[in-house]
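Please take a moment to look over the sequence and the model before reading on. The paragraphs below lead from one sheet to the other, then to the loops, the ligand and the chain as a whole.

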Amino acid sequence: MSSKPRPIVVSGPSGGGKSTMITRLHKDYPDRFSLSVSHTTRAPRGSEKDGLEYNFVTKDAFKKLVDENGFIEHAQFGSNLYGTSVQAVKDVANQGRTCILDIEMEGVKQVKKTDLNARFLFLQPPSVEVLEKRLRGRGTDKEEAIQERLKQAEKEIEYAKMPGVHDQIIVNDDLEQAWKEFEAFCIPDEKDRKS
Ligand SMILES: Nc1ncnc2c1ncn2[C@@H]1O[C@H](COP(=O)(O)OP(=O)(O)OP(=O)(O)O)[C@@H](O)[C@H]1O
């Protein structure tokens, strides 16, 4: 059996609290968790270094990796391609850190097809009504985007109900309570926890 840290997949509807939890996790445990380095076909900017901010690759190399099923998720923004590769997640584990993957439902399904041996955590809002309030309160999304996110949220919550999809579902109602549960999932050994 390998002693490499198993990646943790955090998913849940937009506005469910993924960024809030993951930001706190990195802040409280800066040496224990890492995000994977994404691939991109865009050119490096300023002092960006290959393998650090991104793995900078050509469009051909990117497409080859797509054909080889090397990506968990990939998408196009403008004329550039971006993706999270299976290898980038393994690289984090090889460095002795737990890779945190913040991905949506389709990505969760992709991870399940790999040999990453991930643990799956779902952050669920207390209700769609509360989710709507939080999305509005965040003030980052236009009305149309909010409606789209709420529709998608219902699908995500339905999928999460299927037995065996997630190792744990945390209902993000009271923030401190949800954080405690999140922290406990990410750091199973109580003596290693800060709170
Ligand atoms: N338990 C909570 N109680 C009240 N507000 C919360 C709680 N958890 C998160 N929020 C707030 O809800 C909003 C959405 O949270 P956050 O941005 O972390 O969601 P997300 O899942 O990362 O969304 P996205 O997938 O769109 O990035 C934020 O404004 C955050 O401060």
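**A walk through the predicted model**

Ser-38 stands opposite Tyr-54 in β4, and this pair is a convenient place to enter what is a predicted model. The strand to follow here is β3, residues 38-40, which is joined to β4 by three bridges, the two strands running parallel. Stepping back from this pair, one finds an open sheet of four strands in the order β4-β3-β6-β5, in which the pairing is mixed. The edges of this sheet are held by β4 (54-56) and β5 (71-77), each of which has a single partner strand, so that one side of each is left without a neighbour in the sheet. From one strand to the next the twist averages 25°. Helix α3, residues 86-94, lies across β4, β5 and β6 (80-85), and the helix runs at about 45° to β6.

The other sheet to trace is built on a parallel plan. Five strands form this open sheet, with the order β2-β7-β1-β8-β9 and parallel pairing. Here β2 (33-34) and β9 (168-171) stand at the edges, and because each has a single partner strand, one side of each is left without a neighbour in the sheet. Strand β1, residues 8-11, is linked by three bridges to β7 (residues 98-102), which runs parallel to it, and by four bridges to β8, again in parallel. Individual residues can be matched across these pairings: Ile-8 stands opposite Ile-100 in β7, while Val-9 stands opposite Phe-120 and Ser-11 stands opposite Phe-122, both of these partners being in β8.

How are the two faces of β1 arranged, covered or open? In a regular strand the side chains alternate between the two faces of the sheet. In β1, Ile-8 and Val-10 are on one side and Val-9 and Ser-11 on the other, and all of these residues are buried, so that both faces of the strand are covered. Among the elements that lie over this sheet is helix α4, which lies across β1, β7 and β8 and runs at about 160° to β1.

Two asparagines in loops deserve a closer look for their backbone angles. Most residues other than glycine have a negative phi. Asn-69, although not a glycine, has a positive phi of about 60°, and its place is in the loop between α2 (59-67) and β5. Asn-69 counts as exposed because 11 C-beta neighbours lie inside 10 Å, where the limit for an exposed residue is 12 or fewer. Asn-117 also has a positive phi, near 55°, and lies in the loop between α4 (105-112) and β8 (119-124). With 11 other C-beta atoms within 10 Å, Asn-117 is therefore exposed.

The ligand offers another route into the model. Which residues are closest to the ligand? Of the 14 residues that surround the ligand, the closest are Ser-14, Lys-18, Ser-19, Thr-20 and Arg-134. Helices contribute to this shell, since α1 (18-28), α5 (128-138) and α7 (175-186) each supply at least two of its residues. By chemical character the shell divides into two nonpolar, nine polar and three charged residues. Ser-19, one of the closest residues, lies in helix α1; because 13 other C-beta atoms lie within 10 Å of it, Ser-19 is classed as partly exposed. Ser-19 and Gln-152 are 133 residues apart in sequence, and from C-alpha to C-alpha they are 18 Å apart in space.

The chain as a whole can now be considered. The protein chain has seven helices and nine strands, and its C-alpha trace spans about 45 × 45 × 35 Å along the principal axes. For 195 residues a compact globule would have a radius of gyration near 16 Å, and the 17 Å of the protein chain agrees with this. Buried residues make up 28% of the 195 residues. Finally, among contacts between residues at least 6 apart in sequence, 67% join residues that are at least 24 apart.

How values were computed: Residues numbered from 1 in each chain as written. Predicted model: local features only at pLDDT ≥ 70, side-chain atom pairs only at ≥ 80, totals over all residues. Near = placed C-beta within 6 Å. Nonpolar A, V, L, I, M, F, W, Y, C, P; charged D, E, K, R; others polar. Rg over C-alpha atoms; globule rule 2.2 N^0.38 Å. Buried ≥ 20, exposed ≤ 12 C-beta atoms within 10 Å, placed from the backbone. Contact = placed C-beta atoms within 7 Å. Pairing = 2+ DSSP bridges. Axes fitted to C-alpha atoms, helices over the stretch in contact; angles between N-to-C directions.
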